[in-house]
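Open your viewer, switch to a cartoon view and keep the selection box handy. We will go from stop to stop, with something to pick at each one.

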Amino acid sequence: MNCPFCANPDSRVLDSRPSDEGSVIRRRRECSKCKRRFTTYERAQVEPLMVLKRGGRKETFDPNKLLRGLTLAAMKRPIDPQELQEFAYGFEDSVKEMEITSEEIGLRAMAFLKRDPVAYIRFASVYREFDGLERFIEEVRRLDKQIVAKVLGEDLEDEFDLEDEAKLGTV
Ligand SMILES: [Zn+2]
């Protein structure tokens, strides 16, 4: 698996142990390039979770893709990367159905990120670009206006263009 921070394909395994009663192998790794540490989880897969995309296309759920979106959103924010990994790799187990819409995945990820408004809004922005989901803008609009204004003023000036701000309806 590529490093979630710099996408370098090489990593060193520091520690390897079973978790979740042995059905999952947890490996602590260190990226050979940026030296940051991350964890991978390997499991035997029975029935893969299918993601229903807009337009009716289906694909197998990819926790790495979800983790990339989360990592981007949480960059330089006080969120432990380990927590993001646990959310992304535990996601499949948290879904009882065989199929989930990409919109639902995004909404659950946003609920998870809600404690950090910057990461929350960034994810909405990133995810919308990935999937063209206008609903995320509606979701963001429901955020407390003061939080959004504060966040836009501080951290997101260079990440939101005027069109986005107009869509958010907060300024
Ligand atoms: Zn790296």
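The tour starts with the whole chain, then visits the strands, the helices and a few single residues.

**Before you select anything**

Residues carry numbers that start from 1 along each chain, in the order its sequence is written. What you have open is a predicted model, so local features need a pLDDT of at least 70 and side-chain atom pairs count only at pLDDT 80 or more, while totals for chains, interfaces and linings use all residues.

**Stop 1: the whole chain**

Colour by pLDDT (the predictor's confidence in each residue, from 0 to 100). The chain average is 76, and 70% of the residues score at least 70. Now select residues 155-171: pLDDT stays under 50 there, and the model has 22 contacts beyond four places in sequence for this stretch. Two residues are in contact if their C-beta atoms, placed from the backbone, lie within 7 Å.

Next, colour by secondary structure. Helices (H or I, at least four residues) and strands (E, at least two) are DSSP runs, numbered from the N terminus. You should find seven helices and six strands, in the order β-β-β-β-β-α-α-β-α-α-α-α-α from the N terminus on.

Of the 171 residues of the chain, 20% count as buried. A residue is buried if 20 or more other C-beta atoms lie within 10 Å of its own, exposed if 12 or fewer, and partly exposed in between, with C-beta atoms placed from the backbone. Among contacts with a separation of 6 or more, 52% link residues 24 or more positions apart.

**Stop 2: the hairpin of strands 2 and 3**

Select residues 24-31 and 37-43, which are strand 2 and strand 3. They run antiparallel and are joined by seven bridges; two strands pair if DSSP finds at least two bridges between them.

Within strand 2, pick Arg26. Which residue of strand 3 is the bridge partner of Arg26? The partner is Tyr41. Arg26 is partly exposed, because 18 other C-beta atoms lie within 10 Å. Add Arg43 to the selection: Arg26 and Arg43 are 17 residues apart in sequence, and 9.0 Å separates them in space, C-alpha to C-alpha.

Now move to the loop between strand 2 and strand 3, where Lys35 sits. The hairpin has five residues between the strands. Lys35 has a positive phi of about 65 degrees although it is not a glycine. Most residues other than glycine have a negative phi. Lys35 is exposed, with 11 other C-beta atoms within 10 Å.

For a second example, jump to Ala7, in the segment before strand 1 (11-19). Ala7 is not a glycine either, yet has a positive phi of about 70 degrees. Is Ala7 buried or exposed? With 11 C-beta neighbours inside 10 Å, Ala7 counts as exposed.

**Stop 3: the three-stranded sheet**

Here you will see an open sheet of three strands in the order 5-4-6, with mixed pairing. Strand 5 (58-60) and strand 6 (99-101) are the edge strands, each pairing on one side only. Neighbouring strands of this sheet are turned by 30 degrees against each other on average, direction ignored.

Select strand 4 (residues 50-52) along with strand 5 to see antiparallel pairing over three bridges. Val51 stands opposite Glu59 in strand 5.

Then add residues 102-113, helix 3, which lies across strand 4 and strand 6 and runs at about 75 degrees to strand 6. Axes are lines fitted to C-alpha atoms, for helices over the stretch in contact, and angles run from 0 to 180 degrees between N-to-C directions.

**Stop 4: helices 1 and 2**

Select residues 63-73 (helix 1) and 81-94 (helix 2): their axes come within 9 Å and cross at roughly 150 degrees. The two helices are therefore roughly antiparallel to each other, a label for angles over 145 degrees (under 35 is roughly parallel, 65 to 115 roughly perpendicular and the rest oblique). Residues making the contact include Leu66, Leu67 and Leu70 of helix 1 and Leu84, Gln85 and Phe87 of helix 2.

Finish on Gln85 in helix 2. Gln85 counts as buried, because there are 20 C-beta neighbours inside 10 Å. Leaving out residues up to four places away in sequence, Gln85 touches Phe38, Thr39 and Leu67. Gln85 and Leu70 are 15 residues apart in sequence and 8.8 Å apart in space, C-alpha to C-alpha.
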